[in-house]
Amino acid sequence: MSSDAPLLEVRNLKKHYPITKGIMKREVGSVRAVDGISFAVERGETVGLVGESGCGKSTAATSLLRLEDPTDGEVLFEGRDITEYNDKELKRFRREAQMIFQDPTSSFDPRMSIGESVAEPLTVHGMRDRERRRRIVKDLLERVGLSADDIDRYPHEFSGGQKQRIGLARALVLNPKLIVADEPVSALDVSIQAEILSLMKEIQDEFGLGMLLISHDLSVVREICDRVAVMYLGEIVEFGRTEDLYEDPQHPYTRALLSSIPQPDPTKRGNAVELTGDVPSPSNPPSGCRFHTRCPEVIPPEGYDFEQEAWRSVMDLRVRLRRGGVDADAVREFVASETSQSPEAVSEDRIKAEIRREFDIPEQLADASAESVLSDALELLANGDQSEARDLLGDEFETVCETATPELRRTPVGHSASCHLIETSEDTLTAPSTND
Ligand SMILES: Nc1ncnc2c1ncn2[C@@H]1O[C@H](COP(=O)(O)OP(=O)(O)OP(=O)(O)O)[C@@H](O)[C@H]1O
């Protein structure tokens, strides 16, 4: 064990779930829930893991705590790989690394007093002396802002916020070094959230704990984290000190997430960036940069002079053609019903115009040669030639964002992000360490 090593270091962690088919359970694919993430948590530090629902945050937590086995990668706790622990070491790790869950109500047995619930880990780990257990629990209840006299009360007698305080007491009872808190306040009223977060911060300082705070809510993470990792579709796309990342976000995804946080100071209010398109499935992530199917700043193809917004709209059409399709007959039927005419009477021009409208593409692109390619593709689409339209738009408007995977690199402002916009502006970037 090395005392110089970070408390927790995650290196290229992956967790893939197999997708099986038939009674033989033949593997036909996999859900790449966590797909190669690296970061570290130091003693006394809180690191936030943030991203939309389904991006792999909870899977990262359960894999790094070895509640389920990772598919690949290393998790070092005080410098030692937890996947190599024997039973005794794993038992110690289970004491030293504790998890707090989102729903404080379902994490307590309603038939047990909260004193029994908080003391349970002590019993499991062999502390037989009941009075000693009660002394420890009473002390902890007071530290989390409850009364020692609450020890014999039952979960239903407490509010959600109080239950999360009890959850914190239970996580602390074995004197852990690391706490992983998965959405610890998202089930609570907003008015209570700040109280619980500041309690967590106090406790963390007092006990010198390392903490990994998982949340979809960037304002929660900002409250108490020293550093923040932003996750998208199983990958970390940006990682840095909280104030750097919030003041100067480098990844378009982080910028979009930040722009949608309600901003109380009107002078700091910007325009919320609306992310178009659905979050793609982690069983079939997009090529290149995984965010390119939704990125407001996706790089236009070389050789054309696109306005960014129009390019995003054309990209949406390209993505739809690749992933699903645009059915000219359905468009024809739609226009017919809207204009009370028969489908046969709907002109090709009307179908092309409707597709532009549907994807928010201007009636005419500013760049004449880009417009000519798009018109040809819409013509093909209106004639039902979907695959030709897809190939034409795919070949002519190819962007680096879909052909090359950006690495997580140290950016000119200091912290790390993975985006071609950064890589193309700076050629002296170095690979970050998990400690950046
Ligand atoms: N046991 C499993 N088998 C197959 N797929 C799974 C399993 N657990 C999670 N997934 C998938 O892995 C992806 C990541 O899920 P995960 O719960 O880790 O995301 P999350 O960011 O924590 O989201 P949320 O905040 O909604 O819990 C999702 O697409 C999810 O459907």
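Helices (H or I, at least four residues) and strands (E, at least two) are DSSP runs, numbered from the N terminus. Residues are numbered from 1 along each chain as its sequence is written. The model is predicted: local features need pLDDT of at least 70, side-chain atom pairs count only at pLDDT 80 or more, and totals for chains, interfaces and linings use all residues.

**Stop 1: Glu52**

Please select Glu52, which lies in the loop between strand 3 and helix 1. How exposed is Glu52? It counts as partly exposed, because 14 C-beta neighbours lie inside 10 Å. On this scale a residue is buried if 20 or more other C-beta atoms lie within 10 Å of its own, exposed if 12 or fewer, and partly exposed in between, with C-beta atoms placed from the backbone.

Next, add His216 and Val279 to the selection; Glu52 touches both, leaving aside residues up to four places away in sequence. Such a contact requires that the C-beta atoms of the two residues, placed from the backbone, lie within 7 Å. Then show Leu257, which is 205 residues from Glu52 along the chain, while the C-alpha atoms of the two are separated by 8.8 Å.

**Stop 2: the whole chain**

Zoom out to the full protein chain, which has 16 helices and 12 strands. Its C-alpha atoms fill a box of roughly 85 × 60 × 55 Å, taken along the principal axes. Of the 436 residues, 40% are buried. Among contacts with a separation of 6 or more, 66% are between residues 24 or more positions apart.

Colour residues 8-260 as domain 1 and residues 308-398 as domain 2; these bounds come from an automatic or database domain assignment. The C-alpha centres of domain 1 and domain 2 lie 47 Å apart.

Now select residues 8-258, where UniProt places the feature "domain: ABC transporter" in an unreviewed entry. UniProt positions are given in the numbering used here, feature names are shortened, and annotations may be inferred rather than shown by experiment. Over residues 8-258 the chain is 37% helix and 28% strand, and the end C-alpha atoms of that stretch are 27 Å apart.

**Stop 3: the strand 1 pairings**

Select strand 1 (residues 8-21) together with strand 2 (residues 26-41), which pair in the antiparallel sense over 12 bridges. Two strands are said to pair if DSSP finds at least two bridges between them. Within this pair, Leu13 stands opposite Ile37 of strand 2. The hairpin has 4 residues between the strands, and Gly22 takes a positive phi near 75° there.

Which way does strand 4 (residues 72-77) run relative to strand 1? The two are antiparallel and are joined by 5 bridges. Leu8 stands opposite Phe77 in strand 4.

**Stop 4: the open sheet and helix 1**

Display the 8 strands of the open sheet in the order 6-7-8-3-9-10-12-11, in which the pairing is mixed. Strand 6 (97-100) and strand 11 (409-410) are at the edges with a single partner strand each, so one side of each has no neighbour in the sheet. Helix 1 (residues 57-64) packs on this sheet and touches strand 3 (46-50), strand 6, strand 7 (178-182), strand 8 (210-215) and strand 9 (227-232). The direction of helix 1 makes about 150° with that of strand 8. For such angles, axes are lines fitted to C-alpha atoms, for helices over the stretch in contact, and angles run from 0 to 180 degrees between N-to-C directions.

At the edge formed by strand 11, look for strand 12 (residues 416-417), which runs antiparallel to strand 11 and is joined to it by 2 bridges. The bridge partner of Arg410 in strand 12 is Ser416.

**Stop 5: helix 5**

Select helix 5 (residues 160-172). Why is helix 5 described as largely enclosed by the rest of the structure? The reason is that 11 of its 13 residues are buried, among them Ile166, Gly167, Leu168 and Ala169. The cover over the buried residues of helix 5 includes strand 6, helix 3 (114-124), helix 4 (130-143), strand 7 and helix 6 (190-207).

**Stop 6: two residues with positive phi**

Most residues other than glycine have a negative phi. Select Ser340, in the loop between helix 11 (328-339) and helix 12 (348-359); its phi is positive, near 50°. Ser340 is exposed, with 6 other C-beta atoms within 10 Å.

Finish at Asp360, in the loop between helix 12 and helix 13 (368-382). Asp360 has a positive phi near 65° and is partly exposed, with 14 other C-beta atoms within 10 Å.
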